[in-house]
Amino acid sequence: MKHFLRVVTQFFVFLYCKLLWRGLKFVVRKFTGRCELQRICYNNKHGARRTLKIESSLRYSKNELLQSALSVHPDKVEKTIDDIMALKKINPDTNPQLGISLQASLLQIVGYRSLVMEVEKLRREPYDCENSEHEDMLMKLWKELRPDIPLTGRISKQWCEIGFQGSDPKTDFRGMGLLGLHNLLYFAEHDKATALQMLNDSLQPKHNEINKPEWEQKNLDKAIGYSFAIVGINITDLAHSLLVSGALKTHLYNVAPEIPSLLHFQQTFCYLMQEFHRFWIEEDPSDIMEFNRVRSKFHRRILRQLKNPDMALCPHFSASDLHLVNL
């Protein structure tokens, strides 16, 4: 019986999508004198709400030109908009704002696709200790986070002081490749005060009744509870999954006027780092073994927030002001 009801439901959904919905769009166009793209642009302000609807309209269109518009090169966007206007028989002289709105949204769409490719390329590039650029970035990270303490050697237990697992950070970058290092260095360079504060917090005894010398001597797991660099790599993985799944479109379409860039992604990472730090303290886990549980809960919370098309992470990168804002 359940299988029969499922089949009937799927049939009516198919009927609605293929017949009723297209018929409804035809009637609405005749009644309003506007195509679907015009109605979307005129009825929605610039941002994720408009761009997501335009993206959906183009993706599910029967016309190949409209479908292919989603994958054009950014340099071809302007010509593509002209072709769409001609296809829809829309006079650009009498509808100047439509072309501007479509172009801005289409640049966001193809820019997001390019950003995914750029981020994925960084993620796939392994850390190479024979590459001087890679080594220079790693040394910069140490100097930013430990400005007053010289590193005794490239292979050193000192790396654990900034949250790596062993004496060679190279092994910790295997999951996220250079992307993890890029994000950590960006955070340390562009919001150094906050990065240093978070690093210091992560190394403090969790309970006031244990003083720091005693805590260090007993090696108790009573710090706020995480390794800064390892968490940074984990949050990079979280940001990457949000980007690849498309969940981050809401945020990026609201904060990037046109093409989302790697800078926007890195600023998002900085926001997620600070928010996770706050969330970890609020959750008050007993030890680091609860990290996966807390991370999963944090991930779900961010996903819920990004489901609102009018919601974006704070567009201005200042760690003291980073918070969710309703646009």
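Which helices are included in what covers the buried residues of α9? The points below address this question and then turn to the salt bridges.

1. The structure is a predicted model. The cover over the buried residues of α9 includes four helices, namely α7 (132-145), α8 (177-190), α11 (228-245) and α13 (262-283).

2. Helix α9 spans residues 192-202, and its buried residues are Thr194, Ala195, Met198, Leu199, Asp201 and Ser202. Viewed down the helix axis, these buried residues of α9 fall within an arc of 165 degrees, and they therefore line one face of the helix. An α-helix has 3.6 residues a turn, so residues three or four places apart point the same way.

3. The count of salt bridges in the model comes to 16. One of the pairs joins the side chains of Arg154 and Glu135, with an N to O distance of 2.8 Å. Arg154 belongs to the loop between α7 and α8, whereas Glu135 is part of helix α7; the pair therefore ties together parts that are 19 residues apart in sequence. Glu135 is buried, its relative accessible area being 15%. Helix α7, which holds Glu135, is also among the elements that cover the buried residues of α9.

4. Within helix α13, a salt bridge links Glu275 to Arg278, and their closest N and O atoms lie 2.7 Å apart. Both residues belong to α13 and are separated by three residues, about one turn of the helix. As to accessibility, Glu275 is buried at a relative accessible area of 10%, while Arg278 is partly exposed at 33%. The buried partner of this pair thus falls below the 20% limit for burial, and Arg278 lies between that limit and the 50% above which a residue counts as exposed.

5. A further salt bridge is formed by Glu283 and Arg293, whose closest N and O atoms are 3.2 Å apart. Glu283 lies in helix α13 and Arg293 in helix α14 (residues 291-306), so this contact ties together parts that are 10 residues apart in sequence. Both partners are partly exposed: the relative accessible area is 21% for Glu283 and 38% for Arg293.

6. The pair of Glu283 and Arg293 does not stand alone, since these two residues are linked with Glu290 and Lys297 in a network of salt bridges. Helix α13 accordingly appears in several of the points above: α13 is among the elements covering the buried residues of α9, holds both Glu275 and Arg278, and contributes Glu283 to the pair with Arg293 of α14.

How values were computed:
Residues are numbered from 1 along each chain as its sequence is written. This is a predicted model: local features need pLDDT of at least 70, side-chain atom pairs count only at pLDDT 80 or more; totals for chains, interfaces and linings use all residues. Side-chain values use heavy atoms; hydrogens and water are left out. Buried means under 20% relative accessible area, exposed over 50%, partly exposed in between (1.4 Å probe, protein chains only). Helices (H or I, at least four residues) and strands (E, at least two) are DSSP runs, numbered from the N terminus. The arc is that of the directions from the helix axis to the C-beta atoms. Contact means heavy atoms within 4.5 Å. A salt bridge is a side-chain nitrogen of Lys or Arg within 4 Å of a carboxyl oxygen of Asp or Glu.
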